[in-house]
Every structure is written in C-alpha cells, then in structure tokens.
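I opened the notebook to record two things: how the chains meet, and how one sheet is put together. The entries follow in the order in which I looked things up.

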Amino acid sequence: MSFIILKNIVKEYGPAHALRGVSMEIQKGQWVNIMGPSGSGKSTLLNIIGGLDTPTSGEVFVEGIKINALSEDDLACFRREKTGFVFQQSHLVPYLDAVENVMLAQYFHSMADEEEAVGALTRVGLEHRLKHRPSQLSGGEQQRICIARALTNDPVLLLADEPTGNLDRENTKMILELLKKLHSEEHFTIILVTHDPFVSQWGERVLMMEDGSIKSDAPINP
Amino acid sequence: MRSGFYLFFKKSVSRRKGRIVIAALSVTLSVAMVSGIIGMTAGVGAKLGEELRAYGANIIVSPREGNYLAQDVAEKVSRIDSVRGVSGQIFGTSVFRGQPIEIIGLDIAKLKDRGWRLQGKWPQNNGEILAGTDLRSQFKIDIGAKMHLPGGDIGGDFVITGFIERGGTEDSALILDMPDAWTVTGADRQFSAVLVRAEAGRLDEVVQQIRRMIPQAEAKTFRQIAVAEESLLRKIQLLMVIVTVVILCAAVISVAATMGANVLERREEIGLMKALGATKAQINIFYRAEAILTGLTGGVAGFISGYFFTQAVSKGAFGSYVPVPFYIFFISLLFGLVISVTASYLPVRNALKYNPAVILRGE
Ligand SMILES: Nc1ncnc2c1ncn2[C@@H]1O[C@H](COP(=O)(O)OP(=O)(O)OP(=O)(O)O)[C@@H](O)[C@H]1O
Ligand SMILES: [Mg+2]
C-alpha cells in the first residue's frame, strides 16, 4: 500500500473550488514537487495531506491512517508525530531565539530538550547562530531554523510550501542541498510546493496543477 | 507541567509586559473598588454591632420630656426581674479654652472589658478622666494634661489619664465618672439616659414594664434602634452590590478588550502552534496561565490599594478607621481571578477556532 493515498479530494470555499477531485499516490521516501499557477490549489492540497486542513469530500490516507476522519485532537497528534512543515514566511516566534524556536516544536511533541535542539540546528549548519532571534538572521538562516524545527521530532513527512519563495538563488541552492542531504540520510517523504522551475528540478517527481486538478504527473530524470 | 512550559510562558509574558500590566491595572482598579466596598460594608456592620455591645446594654431609657431622669429611675428599673444591670449616663457640655466640649458621664468601671480602645490608663481616682482621641489634636493635649472645666458652682480640675477611640461621638468628648460629671453639668443625681441590660428573651416584657412603672420615661430596645440602622445598612449594602456588579462588568469588558487585542496579535503564533501539533488545550494553557497571572497580580495590588482606599474613606466619612477583615484578601484574589479568567475566555476560545491553514497562508 502506498504511503500517501488521495481519493477524489474536493475542497470548496463557499462557491469557489480550490480542489476539484484530486486522486494520487505517493510512495514512502519520495520527493515530490508540486508546481502550477497561483490559485491552482497547491497549498490547499499540501495542507490537506499534512492534516492542517480538511477536505470537503474525499479520503486521505497517510501510512494507512485515514486522516480526513480524525477528530481535531487526533489530527493535532498526527501532525506532531508524523509531519514537519516549512512555510514561505518562516513563521518563527519573534521573541524566541533559534534554539527556543526548535524547542517549541519539541515541547508540543513531547518535551523541550535543548541539547537535541542544538543538534538539529547543527545539522542545518546554524551552530554559530543558536542564540540569535529571527530578526537578527538572514532569510536563508531563518528557513534553515524552520527546517531544523520541522525535522527535530523525526517526522515521516516533510511538507514545504514555497520554502525558497523569499530567497535569492544562492540561498535557494543552499536550502535545497541541505534538504537533499537530510533526505538521503533520513529517508522522510518530501512534498514541496514551488513556482520556481529551478527548484522543481530537485527531487524525483513533479505534479503540475491547474484550476484545482492535477494536469500532469511526471518523474524527474536525473 | 511539561518541561519547557515555564520557559515559553516567561518569554511570552515578558514580551507582552505592557499589555499584561494594562490588564492587571484594570483588574487592580476594580478589585480595589470592590474590596474597598466590601471592607467598608463589613467594617460598618461590625462597627454597628460594636456600638451596641459597647455598653453591654440592650434597652435604653430616656426622658419623655425635659432633659433628665431622676436617679430613682435607675433604682426602680434595677428592681425589675430579668434586669441584670443598669447604668445611668449623663450628656452635657462644658467649655475648655473658650471652646465648647462635650461631656459624657458614666460609670467608668463598667466600661472595662467592653472592647474600648484605650491609650493610657483607666481613671482610678476622683478627678481623673478619659478624653476622646480627637481632642488630642484639637487641643494639643496629652496624657497627664490638666483641665479646668467650669460648671455647677465651682467647676472642677481634672487630669487626663487616657485617650479612647471608638469611632463614635465619644471620640470628641470627655468621659467623666458619674460624680465628676454631675459636678460639671450641674445635673446633680440625674441621668440623661439609663442603659439597661435585660435577659435577651424578655426584652419586650421589660420595656412594657418600664413604661408602665415610669410614665415620664421612654424605653426602647437597642434592637428597635438597631433595626432602623440595619435596614439603612441593608439598603447601602444593596447599593454596594449593584455598584460592585457594575464595576466587575466594566473590568471584564476592559480586560477582554486587552486580551482580545493580545490574542489577535498572536494569531500567527496560534496557527504555528497548531501546525506544530499542539492541541487546543495545550495552547489554551498558555493563555489561561497568563490570565491567572494577571488576575493574581491585579488582585493583590487591588487589595492593597483597596485597603488604603477604605481607610481614607472611612476616616473621612466615619471619623475613624474601620477594621478590614483578612478574608477580604482572598476575596480580592478571587475577584481578580474571576475578572481576568472570564475576560479571556471568549477571546481565547475564538482564537483557538482559527483554521491554521488560513492563518499561515499569510499574504
Ligand atoms: N480560506 C480561503 N477562503 C476562500 N478561498 C480560498 C481560501 N484558501 C484558498 N482559497 C482559494 O482556493 C484556491 C486555491 O488556493 P491555494 O492557496 O491552494 O492556491 P495556490 O496554488 O497555493 O496559490 P499560490 O501559488 O498563490 O500560493 C484559490 O482560488 C484561493 O483563492
Ligand atoms: Mg500557495
């Protein structure tokens, strides 16, 4: 059975259709990029897979769990046990330093552990920025904290919504190389939304979305 | 508490010091008002009871006409069955240093153990008197001061052995033992009033008997007087309850506005916490803790300012400090908590309903 299975996912916002019946499967450990024009439903799809949003109809299975049927608290539990999110706006807590931002994710998962948080930041190359607040860091550094935060609880699924959307080419490359390294070491599944054709070439598979549907689904040839 | 809670709570609170101070201040003001009002009402109630107990009497006999009762009234009353004690009092005025001064004559020996606040000593001999505490500053006199009071044929010379404070008219009067008072007021062997202590269950009977025996005297139970005062007190209390409720509502609204702004500002944080897998309860606990902190801080500060408020008002209104019972402290804490927890309930509950996907999409 596939790691992720979507069956005819529909998401409506009032009369607007964000998703019009999306079905697909993703294998464990795969790196899938989602592309498509603005408003085509990429973020909506990503959020539904990650249990951050719920579909209007259809079924979502992750690791065999039918997450569209979970209660709100069970969904929260699913998110903290299985997923890690990275957003375009980093959504770091401004009054916490780098270590504390990572510790916040540990706190909700189980318990805050400074040593482990330092380890997570070291893996993303921020061992020299531990006590810096987000406002004292560059965009690329902020996104690396987000990656450390997303991965600190060893999720099986990393969801990234335009993680390099605010970065220049050099920082984009640095982030992608970091993700690639971590992905090859830890074999979590990545679903990454991007507008950037450069970014979409990383990974193993590209989904093209248009107007709430998947237009094309193709492997990337290395 | 899960390890890490204190760290994040502390950071979040110190980040929002200003807001919390404002909220705590609203709580402080209203708790001060409320605890002041409760303290004052309780204090006045206690004072009223004290007033009645001060002479250990429950019936007062006074002249129906004229100013005085003959001394034999006291003797007659004391012969009634069920009467346990009788003491005559005389009220008059004299002059000291050119100013009128009130004189209360009574049996000073019977005053001891009645809970009068005394500075100095009880008079032992003729010519020794007590003064109300207000006279001390009015005439700049102290214990041991000598006073000449005119009256009768020759007047008398007296020494103050102590000052008393009762929060009543006594505080601005001189208190003389009976024979001295008779000398000064010239009302020899007569009383302005006779205070009677009768068996509690037979007060009405005793009153009727006094009225029959001594037609020139009016007898009333203290209860009759107290009931009139109590009904006034009860009206005041009702008014205070209404004022209290209004103040509490105002405080809840103002704290809710502050909390609402606080929560709105933290929408993104709430969305993030949800994305990190926090349950509503886990997020709620931060706000609940903040509300409790605000409530306790405001409650303590409110109690302290309420205490001084009460004292200032009661000194102004009643001429003496009222005792503030210690339980008011706990009531203050309770009110503080109720205000801030109630006020934060709705804003936080709404904030927890936010869909994280919508908040975090950001523009
Ligand atoms: N909360 C919402 N309320 C109403 N409509 C919404 C909401 N969220 C998304 N939509 C609509 O759903 C559609 C898909 O939105 P979505 O954010 O998934 O697009 P997207 O592909 O991620 O776009 P972008 O590249 O701009 O991020 C859009 O038409 C959007 O306007
Ligand atoms: Mg999007």
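**Entry 1: the interface**

I looked up the contacts first and found 29 residues of chain A in contact with 31 residues of chain B, where contact means heavy atoms within 4.5 Å. I note that this is a predicted model, in which local features need pLDDT of at least 70, side-chain atom pairs count only at pLDDT 80 or more, and totals for chains, interfaces and linings use all residues. Residues are numbered from 1 along each chain as its sequence is written, chains are lettered from A and ligands numbered from 1 in the order in which they are written, and side-chain values use heavy atoms, with hydrogens and water left out.

Next I took the buried area, which is the accessible area (1.4 Å probe) that two parts lose on being put together, summed over both. Chain A and chain B bury about 2,800 Å² between them, and 61% of this is on carbon and sulfur atoms. On the chain A side, A:Y95, A:Y107 and A:F108 lose the most area to chain B, together 29% of what that side buries.

**Entry 2: charged pairs and elements**

How many salt bridges cross the interface of chain A and chain B? I found two, taking a salt bridge as a side-chain nitrogen of Lys or Arg within 4 Å of a carboxyl oxygen of Asp or Glu. I wrote down B:K280 with A:E72, whose side chains meet in a salt bridge at 3.5 Å, N to O.

I then listed the elements of chain A that give two or more residues to the side touching chain B: α1 (42-49), α2 (72-82) and α3 (98-109). Helices (H or I, at least four residues) and strands (E, at least two) are DSSP runs, numbered from the N terminus. α3(A) gives the most to that side, with seven residues.

**Entry 3: the sheet of chain A**

I traced six strands of chain A in an open sheet, in the order β6-β7-β8-β3-β9-β10, with mixed pairing; two strands pair if DSSP finds at least two bridges between them. β6 (83-86) and β10 (213-219) of chain A stand at the edges with a single partner strand each, so one side of each has no neighbour in the sheet.

I checked one pair more closely: β7 (residues 157-161) and β8 (residues 189-193) of chain A run parallel and are joined by five bridges. In β8(A), A:T189 is the bridge partner of A:L157.
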